[in-house]
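Colleague: Got a minute? I'd like to walk through this one with you.
Modeller: Sure, pull it up.

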Amino acid sequence: MDKLYKHIETAVIHEGYDPKQYMGSLAAPIFQTSTFVFDHAEQGERRFSGEEEGYIYSRLGNPTVKILEDRIAMLERGEAGLAFGSGMAAVSAVLLALTKANDHIICSQGLYGCTFGLLRLMEEKYNITHDFSELRTEEQVEAIIRPETVCIYVETPINPTMKIVDLAMVVKVAKKYGIAVVVDNTFSSPYLQQPLVLDCDVVLHSATKYICGHGDVVAGLVVGSKEFINKVARTTQKDIGGIISPFDAWLLLRGLKTLPVRMDRHSENAEKLFDKLKKHPSVAQVFYPGDQDHPDYEIMKKQMRQGGGIISFEIKGTKKDAQKLLNALKLIKIAVSLGDAETLIQHPATMTHSSVPSKKREEMGITDQLIRLSVGLENWKDLWEDLNQALDSL
Ligand SMILES: *Cc1c(COP(=O)(O)O)cnc(C)c1O
């Protein structure tokens with residue numbers, strides 16, 4: 001790390017950018033260009049052969065995007081980073097880079113809906129099969145490893161049930177078999193959790209969520225070893241082409257500066273609301289990793305700084321009651337996505353996880369009564385007033 005600073009709160013603001021290299025501009029410039037001009041034909045030849053460093057064409061690299069990639073790499077404590085046009089572009093580039101036909105993937109029980117869709121597509125097209133696992137114990141992980149298993153793909157906290165997977169335990173087993181561990185760190189951000197520090201191999205994000213933080217960009221990020229990132233950059237990113245625009249990269253650089261401040265507030269607000277929700281008579285169960293009674297609380301403390309900003313809860317009643325609750329809210333917005341300044345609420349069974357077959361949904365713990373709340377940055381008392389009146393109306 002740079003000698004000037006040691007802490008993530010400083011790195012989110014300064015890492016990867018030196019105003020001296022950009023005519024003193026305090027904010028990173030936006031290089032809104034598709035291509036880069038070579039001084040002469042021989043330089044073009046050297047750029048393409050890799051003999052000379054430098055930009056060629058924005059799908060292969062762009063200075064604004066590079067600042068973002070360097071910054072996220074450092075924040076996740078990885079060697080290199082890559083930015084994408086969406087979280088799913090990042091997920092698909094990573095999974096396609098790691099696998100070949102007939103390979104096998106193990107994943108956490110409970111995945112982002114479209115990641116599940118991608119796994120089914122990979123199975124249909126390339127016979128790349130997958131198994132879900134609770135990933136609770138070493139024995140449980142070991143039991144489903146096959147000779148063709150190449151990767152364990154983990155979301156933790158799990159969306160939307162908020163269960164926690166013990167990353168150090170999964171890594172311990174995976175290392176024994178030479179299997180890569182990939183973590184979708186979207187729900188935590190590098191401020192709350194750094195999987196690479198626990199020896200995981202690859203971290204990825206839907207940067208649309210906490211990293212952006214303002215609900216105005218769809219983007220993805222990946223961090224890993226130089227070797228792996230180069231491989232993705234030269235294959236599944238370059239040739240499939242899911243790159244980020246320079247302007248969106250700039251918005252993420254701007255959003256990142258306040259990540260630690262925002263995550264602290266998201267977590268504080270969530271703790272207050274979780275406490276209130278738990279006591280409301282219309283609420284059957286609340287799932288929040290910062291809950292001391294959460295079955296995974298000890299694992300959470302071991303690998304996360306705080307519980308984060310997402311709460312899921314089950315209401316007493318039916319799907320209709322869940323929808324009634326959402327409709328009764330006045331301040332809190334009904335929307336998928338998460339990690340924004342605005343508090344957002346959604347019904348996973350009919351929204352984010354509606355494409356998951358209902359039997360699978362049940363196994364994942366996504367009932368018709370389950371509601372996911374992305375706690376924003378507002379004053380928590382205003383949020384509770386709104387939630388409370390909506391719950392009272394049931
Ligand atoms: C939103 C999300 C994704 C997909 O990201 P997009 O930016 O919407 O493509 C992947 N994983 C998790 C956990 C998410 O919340």
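Colleague: Where is the place of Arg77?
Modeller: Arg77 sits in the loop between helix 3 (63-75) and strand 1. Helices (H or I, at least four residues) and strands (E, at least two) are DSSP runs, numbered from the N terminus. Arg77 is not a glycine, yet has a positive phi of about 60°.

Colleague: What should I know before reading on?
Modeller: This is a predicted model: local features need pLDDT of at least 70, side-chain atom pairs count only at pLDDT 80 or more, and totals for chains, interfaces and linings use all residues. Residues are numbered from 1 along each chain as its sequence is written, and side-chain values use heavy atoms, with hydrogens and water left out.

Colleague: OK, the ligand. Which residues are around the ligand?
Modeller: Ser86, Gly87, Met88, Tyr112, Asp184, Thr186, Phe187, Ser206, Thr208, Lys209, Val218 and Ala219. A residue counts if one of its heavy atoms lies within 4 Å of the ligand.

Colleague: How does that shell divide into nonpolar, polar and charged?
Modeller: Five are nonpolar, five polar and two charged. Ala, Val, Leu, Ile, Met, Phe, Trp, Tyr, Cys and Pro count as nonpolar, Asp, Glu, Lys and Arg as charged, and the others, Gly among them, as polar.

Colleague: Any polar contacts there?
Modeller: A polar contact here is a pair of N or O atoms within 3.5 Å. A ligand nitrogen is 2.7 Å from an N or O atom in the side chain of Asp184. One ligand oxygen atom is 2.6 Å from an N or O atom in the Thr208 side chain. For Lys209, a side-chain N or O atom is 2.8 Å from an oxygen atom of the ligand.

Colleague: And how much of the ligand does the protein bury?
Modeller: 92% of the 380 Å² that the ligand exposes when taken alone. Those areas come from the Shrake-Rupley method with a 1.4 Å probe.

Colleague: New topic: sheets. In what order do the seven strands go?
Modeller: 1-7-6-5-4-2-3, in an open sheet with mixed pairing. Two strands pair if DSSP finds at least two bridges between them.

Colleague: Which are the edge strands?
Modeller: Strand 1 (80-84) and strand 3 (129-133), each pairing on one side only. Strand 6 (residues 202-206) and strand 7 (residues 220-224) run antiparallel, joined by four bridges. His205 stands opposite Leu221 of strand 7.

Colleague: What lies across strand 2, strand 3 and strand 4?
Modeller: Helix 5 (residues 113-126), running at about 145° to strand 3. Axes are lines fitted to C-alpha atoms, for helices over the stretch in contact (heavy atoms within 4.5 Å). Angles run from 0 to 180 degrees between N-to-C directions.

Colleague: Which residues does a cis peptide bond join?
Modeller: Thr156 and Pro157, with omega about -5°. Another cis bond joins Asn159 and Pro160, with omega about 0°. Pro157 lies in the loop between strand 4 and helix 7 (167-177). Pro160 is also found in the loop between strand 4 and helix 7.

Colleague: And the sheet of five strands, what order is that?
Modeller: 8-9-12-11-10, open and mixed. Its edge strands are strand 8 (283-287) and strand 10 (333-334). Strand 8 pairs with strand 9 (residues 310-315) in the antiparallel sense, over four bridges.

Methods: A polar contact is a pair of N or O atoms within 3.5 Å; within protein, one must be able to donate a hydrogen and the other to accept it, and residues adjacent in sequence count only if both atoms are side-chain atoms.
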